[in-house]
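Got the viewer open? Here is a short tour, one selection at a time, with a note on what you'll find at each stop.

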Amino acid sequence: MRSLRVAAAGILAGCLVVAVLGSVALAAPVGLPAGFPATRIKLDPASTTLNMPGPITLTAAIVDWHGAASKNLVITFTNVTDPSKASQLGKATTDKSGQASFSYSNDKEPRTDVIQATFSDGLEVHKSNRVFVGWLSGPPATAIASPAAITVTPGCFQPATAARLASDTFRPAAPRPTPKATPKARATAPPAAAPPVTYTITVDGVNFNPFTAVLVTFDAGPGGTPESFERTTDVFGHFNFDIQVRSRPEGAHLVRADDFRQREADAIYKIPCFQPAVALNPPIGPPGFVTNAIGTGFPANTSIVVLNWANPALRSPLPKIIKTDGSGSFKYPILVLYHDLLGPRILQAIVPNPFGERAGSAIEADAPFLVTPGRSQPTDLVLRR
């Protein structure tokens with residue numbers, strides 16, 4: 001009975017903490033510099049384009065939760081254009097200002113690289129924002145100056161893989177000795193391939209020539225994989241129709257409309273819509289511990305539909321309404337329940353996609369937490385049952 005009373009007291013204490021702090025998320029952490037991801041590692045410069053072969057210099061910065069620079073940490077720079085085949089570009093160590101730079105070139109072909117920086121603190125791997133580097137083989141193509149204009153709706157897509165790229169993970173464990181060979185299992189059929197992802201986009205054009213065929217090309221920029229569609233304008237030079245295009249890697253994708261009579265217009269389709277980040281401060285503690293979930297890069301002034309532990313679903317008590325602030329950030333206390341399991345846990349933070357179902361998945365980022373034995377309960381509590 002005493003153990004039940006202690007557990008109930010822990011849950012009540014957590015509920016009181018949540019109640020005192022209110023039902024609206026707090027502002028972003030004061031200690032982090034403006035624009036810094038919750039993962040505490042930021043990659044610069046912002047997405048850019050440059051002529052081949054370059055080079056381009058990337059700079060990553062690491063801070064602690066008080067905003068102080070973190071020195072002597074090894075940063076790994078990786079090209080994650082294809083998340084399933086990420087390639088490591090190189091490594092660098094932070095100086096006394098908490099920064100490390102890395103340069104690389106491209107003399108092969110026009111393309112868009114998606115670069116991410118990571119570091120490990122011994123418990124988890126922290127992931128930076130992703131920078132898009134567009135490599136050009138010559139001057140970028142620009143639309144002819146004309147009154148024509150196009151818009152694409154939605155203007156972005158959030159792939160399901162974006163959550164994995166944005167989320168910190170536990171540091172991989174050291175490899176174990178290879179086990180002895182076991183009898184060969186009966187062969188089974190490989191898993192079915194996932195159906196291809198397509199984007200449905202509404203393209204609206206105005207001020208083109210009347211009764212003229214217009215060619216709309218998606219991903220028309222250098223290094224892209226173009227797909228073209230045709231539509232005829234009405235008497236006012238207007239057109240509106242849906243196109244369906246195959247999935248593309250992250251980056252900015254050029255959409256161009258051309259009637260081949262001196263009327264051209266461009267629009268940009270972005271993948272992903274957002275690059276959220278969430279972290280727990282601190283990321284380790286015993287059952288009954290209260291940690292802080294800190295998120296950045298989410299849609300502004302939006303209700304959080306999930307802010308809780310993933311499977312096993314031992315849910316901390318939270319109010320029904322939690323919202324991000326005007327910068328898309330939040331800070332909220334999370335209770336590790338007294339009856340929670342020891343070991344690694346994952347906290348999920350999910351908000352709806354403000355651009356609707358056509359814009360892909362919900363906006364999600366996850367954060368690891370390690371539940372450890374601690375002194376939050378008497379050492380002989382089990383013996384009192």
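Start by selecting Phe211, which sits in the loop between strand S11 (198-206) and strand S12 (213-218). Strands here are DSSP runs of E, at least two residues long, numbered from the N terminus. You're looking at a predicted model, where local features need pLDDT of at least 70, side-chain atom pairs count only at pLDDT 80 or more, and totals for chains, interfaces and linings use all residues. Residues are numbered from 1 along each chain as its sequence is written, and side-chain values use heavy atoms, with hydrogens and water left out.

Is Phe211 buried or exposed? It counts as exposed because its relative accessibility is 61%. (Buried means under 20% relative accessible area, exposed over 50%, and partly exposed in between, with a 1.4 Å probe and protein chains only.)

Now add Val235 and Phe236 to your selection: together with Phe211 they make a nonpolar surface patch of about 390 Å². A patch like this takes residues with over 30% relative accessible area and no salt bridge (a side-chain nitrogen of Lys or Arg within 4 Å of a carboxyl oxygen of Asp or Glu), joining nonpolar side chains (Val, Leu, Ile, Met, Phe, Trp, Tyr) within 5 Å and like charges within 9 Å. The areas come from the Shrake-Rupley method with a 1.4 Å probe, and for residues only the protein chains shown count as cover.

Next stop: strand S8, residues 124-136. Of its 13 residues, 12 are buried, leaving the strand mostly covered. Color its partners one by one; two strands pair if DSSP finds at least two bridges between them.

- Strand S2 (residues 48-51) pairs with S8 in the parallel sense over 4 bridges; look for Leu50 opposite Trp135.
- Strand S7 (residues 111-120) runs antiparallel to S8, joined by 9 bridges. Here Trp135 is the bridge partner of Arg111.
- Strand S10 (residues 169-170) is antiparallel to S8, with 2 bridges, and Val125 stands opposite Thr169.

Before leaving, click Gly122. In the S7 and S8 hairpin, with 3 residues between the strands, Gly122 has a positive phi near 100°.

Last, select strand S19, residues 290-296. Why is S19 described as largely enclosed by the rest of the structure? Because 5 of its 7 residues are buried. Strand S17 (residues 277-281) pairs with S19 in the antiparallel sense over 5 bridges, and strand S21 (residues 330-335) pairs with S19, again antiparallel, over 6. Finish on Asn292: it stands opposite Asn281 and also opposite Pro333 in S21.
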